[in-house]
Amino acid sequence: MMYDIFRSTSVVAYWRPVDGVRHGLSPVEPPYPGQERETLCGTAVAIVKTSAVDWFAPTCMACWDEARARRDAAAREAAARKAAAREAAAGKAGAQ
């Protein structure tokens, strides 16, 4: 569909700088200062209030790799659902 680019996609990860590194967090809920959370790389972190400069910290590559894997898996799953829906629609049209 022409408007697919405007469809919202689910959040793969929330990113927060912690101790000089930007870590990815599970998208179960947005992170808030004071929370203890586990990052995508498995590190336990305390979420703190960040400054604009904190966002220039390097990205944790293990979190980045996990976020990309989750994004790609979600894209494959969405493509499979779309293909199954097209096949079902074609099957109904052919049966009539």
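In the predicted model, A62 belongs to helix α1, which spans residues 61-95. The relative accessible area of A62 is 43%, so this residue is classed as partly exposed. G42 lies 20 residues from A62 along the chain, and the C-alpha atoms of the two are separated by 9.1 Å.

The residues on either side of A62 in the sequence are the cysteines C60 and C63 or lie next to them; both cysteines belong to the largest nonpolar core. This core has five residues in all, the others being A13, L40 and A67. In soluble globular proteins, nonpolar side chains tend to be buried together. C60 has a relative accessible area of 12% and is therefore buried. For C63 the corresponding value is 0%, so C63 is likewise buried. Apart from neighbours within four places in sequence, C60 is in contact with V21, R22, H23 and C41.

The whole structure was searched for disulfides, and zero were found. C60 takes part in no disulfide, its nearest cysteine sulfur being that of C63 at 3.7 Å. C63 is also in no disulfide, and the sulfur of C60, 3.7 Å away, is the nearest cysteine sulfur to it. A disulfide requires cysteine sulfur atoms within 2.5 Å, so a pair at 3.7 Å does not qualify.

Strand β1, residues 14-18, pairs with β2 in the antiparallel sense, and five bridges join them. β2 covers residues 21-25. Within this pairing, R16 has H23 of β2 as its bridge partner, while V18 is placed opposite V21 of β2. H23 and V21 are also among the residues in contact with C60. Two residues separate the strands of the hairpin. D19 is located in the loop between β1 and β2. Its phi is positive, at about 55°, although D19 is not a glycine. The relative accessibility of D19 is 79%, and this residue therefore counts as exposed.

By the criterion applied to ring centres, the structure contains one aromatic pair. Such a pair is described by the distance of the centres and the angle of the planes. The ring centres of W15 and W64 are 6.0 Å apart and the ring planes meet at 45°, so the pair is tilted. Distant parts of the chain are linked by this pair, since W15 is in strand β1 and W64 in helix α1, with their positions 49 residues apart. W15 has a relative accessibility of 21% and so counts as partly exposed. W64, with a relative accessibility of 37%, is therefore partly exposed as well.

A further buried position is found in the loop between β2 and β3, the latter comprising residues 36-38; this loop holds Q35. With a relative accessible area of 17%, Q35 falls under the 20% limit and is therefore buried. The side chain of Q35 makes a polar contact, at 3.2 Å, with the side chain of R37. When residues up to four places away in sequence are not counted, Q35 touches E29, P30, V45, A46 and I47.

Notes
Residues numbered from 1 in each chain as written. Predicted model: local features only at pLDDT ≥ 70, side-chain atom pairs only at ≥ 80, totals over all residues. Heavy atoms only, no water. Helix = DSSP H or I, 4+ residues; strand = E, 2+ residues; numbered from the N terminus. Buried < 20%, exposed > 50% of the residue type's maximum accessible area, 1.4 Å probe, protein only. Polar contact = N/O pair within 3.5 Å; in protein donor to acceptor, adjacent residues only side chain to side chain. Contact = heavy atoms within 4.5 Å. Pairing = 2+ DSSP bridges. Core = buried A, V, L, I, M, F, W, Y, C linked by side-chain atoms within 4.5 Å. Phe/Tyr/Trp six-rings, centres within 6.5 Å; stacked < 30°, edge-to-face > 60°.
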